[in-house]
Amino acid sequence: MRTAEVIRCALCKKRVRSHEPDLILEDLAGGKPRYYHERCGTAAAVKASETPGAYILTKRYVDASRN
Ligand SMILES: [Zn+2]
C-alpha cells in the first residue's frame with residue numbers, strides 16, 4: 001500500500017504531519033485546497049480575509065487520544 005500523499009504547508013513548504021493540527025484553506029472557486037501548519041495559519045487567515053467569500057478556512061484538530 002502506498003503512502004498517502006504528502007501534504008506540504010503552503011507557507012513554509014515543509015511537511016504537515018498527520019498528527020499535527022493544521023489549517024485547511026479551501027478554494028471555493030474549485031482550486032486545490034491549501035494546507036498550513038497551525039503556526040503558519042496567520043498567513044492563511046490573512047489570505048482568507050483579503051477575499052471574503054472565496055475561501056473557507058477550516059481548522060483540523062488531532063483527535064488521536066482523548067484524555
Ligand atoms: Zn508551515
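Q: Is Lys13 buried or exposed?
A: In this predicted model, local features need pLDDT of at least 70, side-chain atom pairs count only at pLDDT 80 or more, and totals for chains, interfaces and linings use all residues. Residues are numbered from 1 along each chain as its sequence is written. A residue is buried if 20 or more other C-beta atoms, placed from the backbone, lie within 10 Å of its own, exposed if 12 or fewer, and partly exposed in between. Because Lys13 has 8 other C-beta atoms within 10 Å, Lys13 is exposed.

Q: Where is Lys13 found, and what is the sign of its phi?
A: Lys13 lies in the segment before strand 1. Most residues other than glycine have a negative phi. Lys13 is not a glycine, although its phi, at about 70°, is positive.

Q: Which pattern does the chain follow along the sequence?
A: Helices (H or I, at least four residues) and strands (E, at least two) are DSSP runs, numbered from the N terminus. By this assignment the chain has one helix and three strands. Read along the sequence, the pattern is β-β-α-β.

Q: What is the order of the strands in the open sheet?
A: Two strands pair if DSSP finds at least two bridges between them. Strand 1 (residues 22-27) pairs with strand 2 (residues 34-37) in the antiparallel sense over four bridges. Strand 1 also pairs with strand 3 in the antiparallel sense, over six bridges. The open sheet of three strands therefore has antiparallel pairing and the order 2-1-3.

Q: Which strands are the edge strands?
A: An edge strand here pairs on one side only. This applies to strand 2 and strand 3 (55-60).

Q: Which residue in strand 2 is the bridge partner of Asp22?
A: Between strand 1 and strand 2, Leu23 stands opposite Tyr36, and Ile24 stands opposite Tyr35. The bridge partner of Asp22 in strand 2 is His37.

Q: Which residue of strand 3 stands opposite Glu26?
A: Strand 1 and strand 3 are joined by six bridges in the antiparallel sense. Opposite Glu26 in strand 3 stands Ile56.

Q: Which residue in the turn of the hairpin has a positive phi?
A: The hairpin is formed by strand 1 and strand 2, with six residues between them. In its turn, a positive phi of about 100° belongs to Gly30.

Q: Is Gly41 buried or exposed, and with which residues is it in contact?
A: Gly41 has its place in helix 1, and Gly41 is buried because 20 other C-beta atoms lie within 10 Å. Its C-alpha atom is separated by 9.4 Å from that of Leu25, 16 residues apart along the chain. Two residues are in contact if their C-beta atoms, placed from the backbone, lie within 7 Å. Leaving aside neighbours within four places in sequence, the contacts of Gly41 are Leu23 and Tyr36.

Q: Which residues does Lys47 touch?
A: Lys47 is found in helix 1 (residues 41-50), and Lys47 counts as partly exposed because it has 17 C-beta neighbours inside 10 Å. Lys47 and Leu57, ten residues apart in sequence, are 9.7 Å apart in space, C-alpha to C-alpha. Not counting residues up to four places away in sequence, Lys47 touches Leu25 and Tyr55.

Q: Which residues make up the largest nonpolar core?
A: A nonpolar core is a set of buried Ala, Val, Leu, Ile, Met, Phe, Trp, Tyr and Cys residues joined through C-beta atoms within 7 Å. Val16, one of the members, is in contact with Ile7, Arg8, Cys9, Asp22, Tyr35 and His37, leaving aside neighbours within four places in sequence. The seven residues of the largest core are Cys9, Val16, Leu23, Leu25, Tyr36, Ala44 and Tyr55.

Q: Which element has the highest mean pLDDT?
A: pLDDT is the predictor's confidence in each residue, from 0 to 100. The chain averages a pLDDT of 86, and 87% of the residues score at least 70. Among the elements, helix 1 has the lowest mean (89), and the highest (93) belongs to strand 2.
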